[in-house]
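Welcome, and please open your viewer for a short guided walk. At each stop you will get something to select and a note on what is there.

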Amino acid sequence: MGPAQVSAHKLKNGITSFDQFNYAGLVTNQASDQLITDSGAAATALATGHKSYNGAVSISPEGDTLKTVFEYAKEQGMATGLVVTCTVTHATPACFVSHEESREDHNEIAKQITDFNPDVLIGGGLMYFLPESTDGSERQDTLDLIKQRSSNKNIVYSYDELKMMDSNLGLTALLEMENLPPAPERNYTLGDLTRKALDILSTNNENGFILMVEGSQIDWACHDNMFELFLAEMKDFDSALAEGLKFADNNPETLI
């Protein structure tokens with residue numbers, strides 16, 4: 001997603017949430033060894049400020065760990081949150097809270113996410129958190145990462161449960177075994193998920209918080225040249241921006 005996608009969204013819908021921003025900036029996120037990036041190299045650039053090879057998860061081309069903005073934030077006592085429409089172990093969310101040589105190692109990334117222990121985790125990917133003895137699990141071990149998360153976080157498996165969650169407690173919402181449905185097939189928006197994350201992260205966190213929200217399937221629709229689906233995914237992402245901007249209006253120290 002880049003300026004072309006934002007422009008198409010605006011041409012389709014007129015005034016959008018993007019128009020409320022007073023400033024715009026561009027980040028170069030190509031891979032360290034080639035011009036065309038993938039989500040691993042791109043998200044590593046966003047999360048760490050360093051270029052790396054395609055497929056890397058916040059690992060340098062030399063194999064060194066690259067410290068992420070989430071790790072810096074956690075050191076400052078800030079709460080942390082991830083909201084995505086893919087699996088939470090996918091390359092983009094993974095790059096903010098884990099370090100792995102290959103984005104394909106979802107099981108190890110799920111373990112590292114659990115060890116990092118974000119205050120809010122919303123998306124798909126339940127199959128990477130269940131022990132191998134559980135139907136649908138993609139793990140090859142006995143680790144029960146859901147049980148580990150449940151020791152200090154609410155666990156929910158549907159949007160209906162998510163809506164009812166108390167804002168005073170942390171949250172893990174793994175809403176699908178793999179990715180969330182495309183935007184037109186959901187009865188909730190990315191904005192709904194973002195609003196819940198903001199409610200939780202802004203409650204009882206005196207040091208503030210950092211939240212990464214990804215409209216993950218914009219990219220996939222563009223890969224497949226599915227123009228109408230791409231526009232629907234952009235509109236879904238716009239709903240998340242609208243929630244963020246609304247929050248920032250009431251909390252002027254917020255940076256989006």
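Start by selecting T44 and showing its surroundings. Setting aside residues up to four places away in sequence, T44 touches G49, H50, S52, A56, V57, S58, L66 and C95. T44 itself sits in helix α2. Is T44 buried or exposed? Its relative accessible area is 0%, so T44 counts as buried. As you look around, please keep in mind that this is a predicted model.

**Next stop: T80**

Now select T80, which belongs to strand β1. T80 has a relative accessible area of 1% and is therefore buried. Show its contacts, leaving out neighbours within four places in sequence: you should find F70, F116, P118, D119, V120, L201 and I210. For a sense of scale, draw a line from T80 to E228. Their C-alpha atoms are 33 Å apart in space, and the two residues are 148 apart in sequence.

**Helix α5**

One of the contacts of T80 is F116, and F116 is also among the buried residues of α5, so select that helix next, residues 106-116. How many of the residues of α5 are buried? The count is 8 of 11, and the helix is mostly covered. To see them, colour H106, N107, I109, A110, Q112, I113, T114 and F116. Then bring up what lies over these buried residues: the cover includes α3 (69-75), β1 (79-87), α4 (91-97), β2 (120-124) and α6 (145-150).

Step just past the helix and you reach N117, which follows α5 and has a positive phi, near 65 degrees. Before leaving, show the rings of F70, F96 and F116, which ring pairs link into a cluster.

**S17 and its distant partners**

Move on to S17, in the loop between α1 and α2. With 5% relative accessibility, S17 counts as buried. Which residues does S17 touch, not counting those up to four places away in sequence? They are D238, L241, A242 and L245. Try a distance here too: from the C-alpha atom of S17 to that of G244 it is 9.6 Å, although the two residues are 227 apart along the chain.

**A ring pair: F18 and F237**

Aromatic pairs number 6 in this model. Select F18 and F237 to see one of them: the ring centres are 6.3 Å apart and the planes stand at 45 degrees, so this pair is tilted. F18 is in the loop between α1 (3-13) and α2 (39-48), while F237 is in helix α10, so the pair ties together parts 219 residues apart in sequence. F237 is buried, because its relative accessibility is 14% and the cut-off for buried is under 20%.

**Helix α10 and its two neighbours**

Finally, show helix α10 as a whole, residues 227-250, together with helix α8, residues 190-201. Two packed helices are described by the angle between their axes and the distance between the axes. For α8 and α10 the angle is about 30 degrees, and the axes are 7 Å apart. The two helices are therefore roughly parallel to each other, and their crossing is right-handed. To see where they meet, select L190, G191, T194, R195 and L198 in α8 along with D236, F237, S239, A240, E243, G244 and F247 in α10. By class, this contact has 5 nonpolar, 4 polar and 3 charged residues.

Now swap α8 for α1. The axes of α1 and α10 come within 10 Å and cross at roughly 90 degrees, which means that α1 is roughly perpendicular to α10. On the α1 side, pick Q5, V6, A8, H9 and K12; on the α10 side, pick F230, L231, M234, K235 and D238. The residues of this contact divide into 5 nonpolar, 2 polar and 3 charged. One of them, D238, you have already met as a contact of S17.

Conventions: Residues are numbered from 1 along each chain as its sequence is written. This is a predicted model: local features need pLDDT of at least 70, side-chain atom pairs count only at pLDDT 80 or more; totals for chains, interfaces and linings use all residues. Side-chain values use heavy atoms; hydrogens and water are left out. Axes are lines fitted to C-alpha atoms, for helices over the stretch in contact, and angles run from 0 to 180 degrees between N-to-C directions. Helices (H or I, at least four residues) and strands (E, at least two) are DSSP runs, numbered from the N terminus. Angles under 35 degrees count as roughly parallel, over 145 as roughly antiparallel, 65 to 115 as roughly perpendicular and the rest as oblique. A crossing is left-handed if the near helix is turned anticlockwise from the far one by less than a right angle, and right-handed if clockwise. Contact means heavy atoms within 4.5 Å. Ala, Val, Leu, Ile, Met, Phe, Trp, Tyr, Cys and Pro count as nonpolar, Asp, Glu, Lys and Arg as charged, and the others, Gly among them, as polar. Rings of Phe, Tyr and Trp (its six-membered ring) pair if their centres lie within 6.5 Å; planes under 30 degrees apart count as stacked, over 60 as edge-to-face and the rest as tilted. Buried means under 20% relative accessible area, exposed over 50%, partly exposed in between (1.4 Å probe, protein chains only).
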